[in-house]
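Please take a moment with the sequence and the model before reading on. The paragraphs below lead from the overall fold to single residues and the contacts between them.

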Amino acid sequence: MKRRAFMLSAPLGLAACGAVMREEVLAPQSAIERVAYVEPGPKTLTLLTMKNVGSDNGAHTGLLINASQRVLWDPAGTFGHSSIPERNDVHFGINPQIYQHYLSYHSRETYYSLIQEVEVSPEVAEMALQRAIANGPTPKAACTTHTSAMLASLPGFSSLRRTFFPGNLSDDFAKIPGVRSREYYETDSDDKSIAAAEIDRELSGTQ
């Protein structure tokens, strides 16, 4: 998991996918089993779109999958920590604390997070989980391309266009029956290294 430590030495200018080169990350099964977390309630898929506060343009796409366990698929993303097991952009053990850290990492004075959640059958949720894992490391700047393609392959999501643009995907996702949407804002500095350092301190202190 050497790639997935918060990069504290270099500020990250914007919440865009693919700020670093991609390489394979394969956490051992024992690490995944140790942190596995299941969110109570129905199975869900939650599209996470980071948008510019001024222009409302999308900058990054992620997907929270609550299946047999809850994972965060952050294709071509820069989120991660040595305490969060990962297999090629799929992060495991996404309990409420880790999920909040993800939102805080991306949300600041210049970007907010659009959260779109929809209930799905256990079968569809598990299909999404397995396909996210099978996707492998997502190339730089292909976060939305890979997310939209995977979602469009699922039963009930075939209406989604395969697109390069996060805003297009979030617009299409909003049309899926039963989607619940909300926006998450923070007023932190645009310097993401500050948020990364705070999250690192909190996570390292709980180990």
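**A walk through the fold**

Glu39 has a relative accessibility of 26%, and because values between 20% and 50% fall in the middle class, Glu39 counts as partly exposed. The model in which this residue sits is a predicted one, and Glu39 will return below as one half of a salt bridge with Arg70.

Seen as a whole, the chain is built from six helices and seven strands, and when these are read along the sequence they follow the pattern α-β-β-β-β-β-α-β-α-α-α-β-α. The chain has 207 residues, of which 53% count as buried.

A good place to begin inside the structure is the largest nonpolar core, which has 29 residues. Leu45, Ile65, Leu151 and Phe157 are the members of this core that touch the most other members. Two or more residues of the core come from each of the helices α1 (29-35), α3 (122-134), α4 (143-152) and α5 (166-173), and likewise from each of the strands β1 (44-52), β2 (58-66) and β3 (70-73). Among these elements it is α3 that gives the most to the core, with five residues.

From the core one can turn to the charged contacts, of which a search of the whole structure finds four that count as salt bridges. In the one already mentioned, Arg70 pairs with Glu39, and their closest N and O atoms are 3.6 Å apart. Arg70 belongs to strand β3 while Glu39 belongs to the loop between α1 and β1, so this pair ties together parts that are 31 residues apart in sequence. The two partners do not share an accessibility class, since Arg70, at 6% relative accessibility, counts as buried, whereas Glu39, at 26%, counts as partly exposed.

A second salt bridge joins Glu117 and Arg180, with the closest N and O atoms 2.4 Å apart. This pair, too, links distant parts of the chain, for Glu117 is in strand β6 and Arg180 is in strand β7 (residues 180-184), 63 residues apart. Glu117 counts as partly exposed because its relative accessibility is 27%, and Arg180 counts as partly exposed because its relative accessibility is 40%. The contact is also part of a wider arrangement, in which Glu117, Glu119 and Arg180 are linked in a network of salt bridges.

A further salt bridge is formed by Asp172 and Arg161, whose closest N and O atoms are 2.7 Å apart. Here Asp172 is in helix α5 and Arg161 is in the loop between α4 and α5, so that the pair links parts of the chain that are 11 residues apart. Asp172 is buried, with a relative accessible area of 6%, while Arg161 is partly exposed, with a relative accessible area of 44%.

Not every charged residue is placed in such a pair, and the surface offers an example: where do acidic side chains gather in a patch of negative charge? They do so on the surface, where the patch consists of Glu109, Asp188, Glu198 and Glu202. One of these residues, Glu109, is found in the loop between α2 (96-106) and β6 (111-119), and with a relative accessibility of 46% Glu109 counts as partly exposed.

Helix α2 leads in turn to His106, which is found in that helix and is buried, with a relative accessible area of 2%. His106 and Thr49 are 57 residues apart along the chain, and their C-alpha atoms are separated by 9.6 Å.

The walk ends at a short loop with two noteworthy backbone angles. Asn88 lies in the loop between β4 (86-87) and β5 (90-91), and although Asn88 is not a glycine, this residue has a positive phi of about 50°. Asp89 is found in the loop between β4 and β5 as well, and Asp89 likewise has a positive phi, of about 80°, without being a glycine. Are these two residues buried or exposed? Asn88 is buried, with a relative accessible area of 5%, and Asp89 is buried, with a relative accessible area of 0%.

Conventions. Residues numbered from 1 in each chain as written. Predicted model: local features only at pLDDT ≥ 70, side-chain atom pairs only at ≥ 80, totals over all residues. Heavy atoms only, no water. Patch = residues over 30% accessible without salt bridge, like charges linked within 9 Å, V, L, I, M, F, W, Y side chains within 5 Å. Areas by Shrake-Rupley, 256 points an atom, 1.4 Å probe, with all protein chains shown as cover. Lys, Arg positive; Asp, Glu negative; His and termini not counted. Charge placed at Lys NZ, Arg CZ, Asp CG, Glu CD. Helix = DSSP H or I, 4+ residues; strand = E, 2+ residues; numbered from the N terminus. Buried < 20%, exposed > 50% of the residue type's maximum accessible area, 1.4 Å probe, protein only. Core = buried A, V, L, I, M, F, W, Y, C linked by side-chain atoms within 4.5 Å.
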